[in-house]
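The following exercises concern a ligand site and some local backbone features. Please examine the structure before reading each solution.

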Amino acid sequence: MNFKIIGTGSARPACVKTNDDLAEFLDTSDEWIRTRTGIEERHVMQDGESISQLATQAAQAALKNAGTDPKELDFIICSTIRGDYITPSMACIVARNLGVQCMAFDMNAACSGFIYALDCATGYFERGRAQKGLIVSAEAMSKMVDWQDRATCVLFGDAAGAVVLEKGENLLASKLASDGNVEVLNIPHVYGNSPFSSDEHKPSYLFMDGHGVYKFAVNAMATGLAETIAAAGLKQDEVDHVLPHQANMRIIQAAMKKLDIPEDRYRTNIAHYGNTSSACIPVLLDELNQAGMLKRGQILALTAFGGGLTTGAMVIRW
Ligand code: ACO
């Protein structure tokens, strides 16, 4: 017994910034960003918007799509690098906004968070602890990048994606891993004002060694997909939709070359969102679902990598 996805939802801030908009205050260009990454525009939060609000909107859309009353939920898991507070968790705020008191907690597996959360949720169904549950992946990347660093800020955007799960048999295989590494990608924490410490602290901005991540990502995606599809007892060309983490179009294309999945099975929306960390895959999933592209029984392969460094791959039947 594991799970079945019965509803999807997503939300994004109304404000869209194109590459040309960023070139107004950064030494960059639409041509550089588009050709190196595939990104054309991204959504960013503005005054008065919070990531908990966005998460709640995505959750409400997924519940509506599933025809599920929030009171039916046995758990809420949010994946995020950074909610609005260190505590309470984003999941507790979403629970309050939905008017429910079920168990609710956040997990941080960076960009692999959605796949980690799905895998974690499986345990509650297997142990008979849950009939229905909600996963929300919501990320406020615009609050974590240094908007003076052209090498990173152009890559990211804000969004939230959600799914409602019920008991089922649709998870076919899953593989999670980590390769502990602070050097390639990190976001330093915010620090207090202890009178007992005079340590210097870096500002809390995302740091990334782009080349380091690139090399890791191509291998992680290709290997994760190949191993998980094999573990599901399927051939690569039996996959109907590949939903890769949307970090860079060139990473997706390089991973594609290492696999035997026909190119027309890869789904992307990076052009309009950039990298929204763990929200990438559930937002893409919701867009495919709303467009009527997912047929019951089809095979979906998800793959992600991110800070940690974490990796996750999963094969599910729709
Ligand atoms: N506009 C113009 N020029 C730029 C920009 C920019 N926005 N950013 C960097 N440059 C310059 C650099 O300064 C460098 O100039 P130099 O040659 O004079 O030193 C030049 O462009 C080339 O820079 P590279 O870093 O070599 O460019 P590259 O082709 O490697 O692309 C990129 C950089 C897009 C970051 C790529 O390495 C990448 O995609 N890496 C993986 C990133 C990723 O996956 N991040 C997700 C991490 S996990 C998570 O999701 C949190």
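**Exercise 1: The shell around the ligand**

Determine how the residues of the shell around the ligand divide by type, and which come nearest.

Solution. The shell divides into 13 nonpolar, 8 polar and 4 charged residues; here Ala, Val, Leu, Ile, Met, Phe, Trp, Tyr, Cys and Pro count as nonpolar, Asp, Glu, Lys and Arg as charged, and the others, Gly among them, as polar. The model is predicted: local features need pLDDT of at least 70, side-chain atom pairs count only at pLDDT 80 or more, and totals for chains, interfaces and linings use all residues. Residues are numbered from 1 along each chain as its sequence is written, and side-chain values use heavy atoms, with hydrogens and water left out. Of the 25 residues around the ligand, those that come nearest are Thr 28, Arg 36, Cys 111, Asn 248 and Asn 275; a residue is near if one of its heavy atoms lies within 4 Å.

**Exercise 2: Polar contacts**

Identify the ligand atoms that Asn 275, His 245 and Arg 150 approach.

Solution. A polar contact with the ligand is a pair of N or O atoms within 3.5 Å. A polar side-chain atom of Asn 275 is 2.7 Å from a ligand oxygen, and one of His 245 is 3.1 Å from an oxygen atom of the ligand. Arg 150 instead places a backbone N or O atom 2.9 Å from a ligand nitrogen.

**Exercise 3: Elements and domains**

Establish which element gives the most residues to the shell, and why the ligand lies between two domains.

Solution. Helices (H or I, at least four residues) and strands (E, at least two) are DSSP runs, numbered from the N terminus. Helix 7 gives the most, with 4 residues. Domain 1 (2-169) and domain 2 (173-317) both give residues to the shell, so the ligand lies between them; the domain bounds come from an automatic or database domain assignment.

**Exercise 4: Backbone features**

Locate the cis peptide bonds at Pro 88 and Leu 309, and the positive phi of Ala 110.

Solution. Most residues other than glycine have a negative phi, and most peptide bonds are trans.

- Thr 87 and Pro 88 are joined by a cis bond with omega about 5°; Pro 88 lies in the loop between strand 4 (75-79) and helix 4 (90-98).
- From Gly 308 to Leu 309 the bond is cis, with omega near -5°, and Leu 309 belongs to strand 13 (residues 308-317).
- Ala 110, not a glycine, has a positive phi of about 50°; Ala 110 is in the loop between strand 5 (103-107) and helix 5 (113-126).

Note on methods:
Polar contact = N/O pair within 3.5 Å; in protein donor to acceptor, adjacent residues only side chain to side chain.
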